[in-house]
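Walk through this fold with me, one region at a time. Keep the model open and follow along.

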Amino acid sequence: MLKDSATDSSHGAPAGFEHDVFVHASDEEFVQRAGRFVRQGLAAGETIVAVLPPERIAVLRDALGPLRHDVCFTDMTVAGGNPARLIPFWREILDRHPGPVRGLGEPGYPGRSQAAYDEVLLHEALTGIAFARDRSFRLCCAYQASVGIDPTETHAGADALAEKVFRTALDDIPDRAERWEFGPGELGEIQQWLSGQAASHGVSRDRLEDLSLALHEICTNSIRFGGGRGRLAVWIADGTLICDVLDHGRIDDLLIGRVLPPLDGLGGRGVWLANQLCDLAQLRSGDDFTQVRLHTRLR
């Protein structure tokens, strides 16, 4: 384990899978901690994958010197811009590399929205559930102190925390939001109205098509599994078009949308698609509600 009494934590997953975190206050501290983690893995013959924002990739590559050629670097702002894509990203890496894999990540990189930081913490709590049986996988996540995220909370009782967060509704919808009640007959009207709203705010055609498909899938889920009807709220905040869908269904699977559902499975594919198509997708579900909030940047 990487240990620093004040800032490091271990998930406590079953023996084999290890999930470590460390908090750094400077590039120098990041390079020291991350470099040691990478070099230990290379010395052990492990596959090393580093998923970091571009500026962190640059400093780590410089510090590693010739060893950088033995590390697979991936841009976190692309692979994990929506944190819900990270578990399937790591699953694909493990499927391609049957031997030991050592992953380095910085999911809570500076510049994210508060909603994205909330999803990063949920992602961290769900990671131990997703990879509990992967006994040749070690994952270490770095956090910059100035971001203000305390990842240690997600590692102390992470399973219980994931359940609590997943079962708690998102923050209130603002009064200025446009609201719809919808059933099967209103989906076409909703799509037409949303297209007009998005176009008027400069959303590109490609991004509008992605959002329209994602929203259609989520609204269809409400009709199929959420009591036949749902409620849609749409508003703009911080340069982002936000669509919130609420119904009376319940989802039991905490990893829905983070594990590709089988082609012949019932449900789950709509949430998966939303995670792939939107800049951010938040999902919460309790005893009598399911809430999905889709975020699409205007520019």
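Aspartate 238 sits in the loop between strand 8 and strand 9. The model is a predicted one. Aspartate 238 counts as exposed because its relative accessibility is 81%, and the cut-off for exposed is over 50%. Its backbone is worth a look. Most residues other than glycine have a negative phi. Aspartate 238 is not a glycine, yet its phi is positive, at about 50 degrees.

Now go to strand 10. How many of its 6 residues are buried? The count is 6 of 6, so defined by a relative accessible area under 20%. Both faces are covered. On one side lie Leu280, Gln282 and Arg284, and on the other Ala281, Leu283 and Ser285. Strand 10 pairs with strand 11 in the antiparallel sense, over 6 bridges. The two strands form a hairpin, with 4 residues between them.

Alanine 281 is a good place to stop within strand 10. It counts as buried because its relative accessibility is 9%. Its bridge partner in strand 11 is leucine 294. Beyond its neighbours within four places in sequence, alanine 281 is in contact with Asn82, Glu119, Ala274, Asn275, Arg293 and Leu294. Leucine 260 is 21 residues from alanine 281 in sequence, and their C-alpha atoms are 15 Å apart in space.

Cross the hairpin to leucine 294. Which residues does leucine 294 contact, leaving aside its neighbours within four places in sequence? Among them are Leu211, Ala214, Leu215 and Ile218. Leu241, Ile242 and Cys243 are also in contact with leucine 294, as are Ala274, Cys278, Leu280 and Ala281.

Leucine 294 leads into the largest nonpolar core, which has 63 residues. Leu294 is one of the residues with the most contacts inside this core, together with Trp90, Leu215 and Leu232. Helix 9, residues 205–225, gives the most to the core, with 7 residues. There is also a second, separate core of 17 residues. Phe22, Phe30, Val31 and Val71 are included in that second core.

Turn next to strand 2, residues 18–24. It is mostly covered, with 6 of its 7 residues buried. Strand 2 pairs with strand 6, residues 137–144, in the parallel sense, over 7 bridges. Valine 23 belongs to strand 2. Its bridge partner in strand 6 is tyrosine 143. Valine 23 counts as buried because its relative accessibility is 16%. Leucine 241 is 218 residues from valine 23 in sequence, and 32 Å from it in space, C-alpha to C-alpha.

What about enclosed space? A search of the whole structure finds 2 cavities of 30 Å³ or more. The largest holds about 90 Å³ of space. It is lined by 13 residues, and Ile256, Arg258, Asn275, Ala281 and Leu283 are the closest to its centre. Strand 10 gives the most to this lining, with 3 residues. Helix 5, helix 10 and strand 10 each supply at least two residues. By class, the lining has 9 nonpolar, 2 polar and 2 charged residues.

The second largest cavity holds about 30 Å³. Its lining is made of Met76, Leu86, Trp90, Gly105, Pro107, His123, Leu139 and Cys141. Trp90 has appeared before, among the residues with the most contacts inside the largest nonpolar core. Helix 4, residues 86–96, and strand 6 each supply at least two residues of this lining. Here the classes are 6 nonpolar, 2 polar and no charged residues.

Finish at the largest pocket. About 790 Å³ of space lies in it. Which residues lie nearest its centre? They are Ser113, Ala115, Ala116, Leu280 and His295, from a lining of 35 residues. Several helices give two or more residues to the lining: helix 3 (76–79), helix 5 (114–130) and helix 7 (158–166). Strand 8 (230–237), strand 9 (240–247), strand 10 (280–285) and strand 11 (290–297) do so too. By class, the pocket lining has 13 nonpolar, 11 polar and 11 charged residues. Strand 10 thus returns here, with both of its faces covered and two or more of its residues in the pocket lining.

Conventions:
Residues are numbered from 1 along each chain as its sequence is written. This is a predicted model: local features need pLDDT of at least 70, side-chain atom pairs count only at pLDDT 80 or more; totals for chains, interfaces and linings use all residues. Side-chain values use heavy atoms; hydrogens and water are left out. A nonpolar core is a set of buried Ala, Val, Leu, Ile, Met, Phe, Trp, Tyr and Cys residues joined through side-chain atoms within 4.5 Å. Buried means under 20% relative accessible area, exposed over 50%, partly exposed in between (1.4 Å probe, protein chains only). Contact means heavy atoms within 4.5 Å. On a 1 Å grid over the protein atoms alone, a cavity is a set of points where a 1.4 Å probe fits but cannot get out, and a pocket is an open set with protein on both sides within 12 Å along at least five of seven lines; lining residues have an atom within 4 Å of a point. Grid points are joined across faces, edges and corners, and a volume is the space filled by probe spheres set on the points. Ala, Val, Leu, Ile, Met, Phe, Trp, Tyr, Cys and Pro count as nonpolar, Asp, Glu, Lys and Arg as charged, and the others, Gly among them, as polar. Two strands pair if DSSP finds at least two bridges between them.
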